[in-house]
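Colleague: I'm new to this structure, and the aromatic side chains are what I'd like to understand. Could you take a close look at that part for me, and then help me place it in the rest?

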Amino acid sequence: MPTPTVTEFWELLARSGLVDAGGIRALREEHDAAVAGSGPQDAPHVAHWLYTRGAITRWQAKRLSIGNLGPFFLGDYRLLERHERDGDQLVFTAKHELSGRTVTVVLLNTKRCKRLDVWTEIVQRMKAAHTTTNPMLSRTWSLEQHQGSRFIVCETVAGVTMTEELAQLGPLQATRAGVLVSQLAEAVAEIHAQGAVHGGLSLDMMRREPPPGGVERTGRVRLLQFPLAGDPHRVPLRPWRDDNEMRKLGRQAAYVAPELLHPEIACDQRADVYAIGAILYALLSGTPPCQGGDAEKTLRKAAFEGPRPLEPPQVSPEMAALVAYLMDRDPARRYQNGAEAAAAIAACLGLARGAGSIASGQPASQRPAVVATPAAAAPVASNPFAVPEITVSDTPSFVTQSRPEAPAASKPQVPSESSAVRARRRRA
């Protein structure tokens, strides 16, 4: 596609709908005055100038400067920036036009969604994520459709990954690490109680929000969940499908349960428990477990050797035994779900009564546990290829919320086309 001329660029900007006609006239006059006498201009220079003025975003400027008209809108959402992700989804930071709120939009792959098993899994995981209320979990608000496109709207979580924090600041003190991972296990337990699995737990999925007053490690830690925790189209839920994807795992491999080396085994709640243990191991030691130089070596080390044991004075014997149970290579010997893991971690830290000691090497049947029976998975709509007709409104639930709390509705919403969308289409 040839680079547009300056005149063509301004015409593209007008057609994009990003700036109204009056705004374009004012910006063009301001630009012409600013560059007067500085020589010929081209489309990329004009786009960059508009970006520095805050009229368009960096991603919008890049697309327009090469003659690409977008689209820059998806229903009621103005797409601001695109984020690179592995998988068939497209992830954008977006602005909800009616409320002005910044959200994350995950655009689903239309072809993949035509598969019965894929769409069924998306609907079920969407319902489970939408229902969760644990404050550590990122909020998943609505499943929507516009002109044949299906997308999920969720919370934008700011902050650095816990991987970055660990690299910069080193391991956490044992009690602080235990408390944080106890909170993580409670959050995962709520996902498990919905009959779902996270399937992508790692320090990269955990974000430390900007700390109050700039004090290090005081910001709230959040956990990204569906659809931000991996490719939402993945069925069955596995970290990789082939050798090429395995090699791309990188540091994520340190959190993958060893049984997943078998190509016929998918992630289950016990795989999440292993990842919880690996996260605790990394926070205590400063290094993710079983790292072997590349993803395949890391996975094989986890499967055939297991992590190097944590020992005093690095951690207490009780904490070392806890990590060993969480990360047992045999999934049957681990705590079986997030609720059991959370209870064991709390008992180790003295945060709960009646759980007993975990350091005595009891067999699996005698390990301390508080078992929560997972709820049955939400039923699938009779036509799995239809977006669930649950609640129809002009705005998703987050519009009326001052902060990301659990919405009143317990199922995803499918807003109808709003007046703002209709008006924008008439203008086009």
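Modeller: Let's agree on one word before we start: a residue is buried if its relative accessible area is under 20%. C113 has 4%, so it counts as buried. Also keep in mind that this is a predicted model.

Now for the rings. A search of the whole structure turns up five aromatic pairs. In one of them, the ring centres of W59 and F72 are 5.5 Å apart and the planes meet at 80 degrees. Planes over 60 degrees apart count as edge-to-face, so that is what we call the pair of W59 and F72. W59 is in helix 4, while F72 is in the loop between helix 4 and strand 1; the two are 13 residues apart, and their pair links distant parts of the chain. Both W59 and F72 are buried.

W59 has another partner. Its ring and that of F92 have their centres 5.5 Å apart, with planes at 65 degrees, so this pair is edge-to-face too. F92 is in strand 3 (residues 90–96) and W59 in helix 4, so the pair ties together parts of the chain 33 residues apart in sequence. With a relative accessible area of 13%, W59 falls under the 20% limit and is therefore buried. F92, at 6%, counts as buried as well. Put the pairs together and you get a cluster of W59, F72 and F92.

While you're in that area of the sequence, look at P71, which sits in the loop between helix 4 (58–65) and strand 1 (73–74). The peptide bond joining G70 and P71 is cis, with omega at about 5 degrees. Another cis bond runs from F226 to P227, again with omega near 5 degrees. You'll find P227 in the loop between strand 9 (221–223) and helix 9 (243–247).

Some tryptophans have a charge for company instead. R150 lies over the face of W119, at 4.5 Å from the ring centre. Likewise, R238 lies over the face of W240, with 4.9 Å to the ring centre.

Two backbone oddities are worth a click. Q147 isn't a glycine, yet it has a positive phi of about 50 degrees. Its place is the loop between strand 5 (140–146) and strand 6 (149–154). At 60% relative accessibility, Q147 is over the 50% limit, so it counts as exposed. R217, also not a glycine, has a positive phi of about 60 degrees. This one is in the loop between strand 8 (206–208) and strand 9, and at 12% R217 is buried.

Now zoom out. The protein has 14 helices and nine strands, and buried residues make up 50% of its 428 residues. Of the contacts between residues at least 6 apart in sequence, 66% join residues at least 24 apart. S182 gives you an example from helix 8 (residues 174–193). It is buried at 9%, and leaving aside residues up to four places away in sequence, S182 touches A342 and I345.

Finally, back to the cysteines. C267, at 12%, counts as buried, like C113. A disulfide needs two cysteine sulfur atoms within 2.5 Å, and by that rule the count is zero.

Notes
Residues numbered from 1 in each chain as written. Predicted model: local features only at pLDDT ≥ 70, side-chain atom pairs only at ≥ 80, totals over all residues. Heavy atoms only, no water. Helix = DSSP H or I, 4+ residues; strand = E, 2+ residues; numbered from the N terminus. Buried < 20%, exposed > 50% of the residue type's maximum accessible area, 1.4 Å probe, protein only. Contact = heavy atoms within 4.5 Å. Phe/Tyr/Trp six-rings, centres within 6.5 Å; stacked < 30°, edge-to-face > 60°. Lys NZ or Arg CZ within 6 Å of the ring centre and 35° of its normal.
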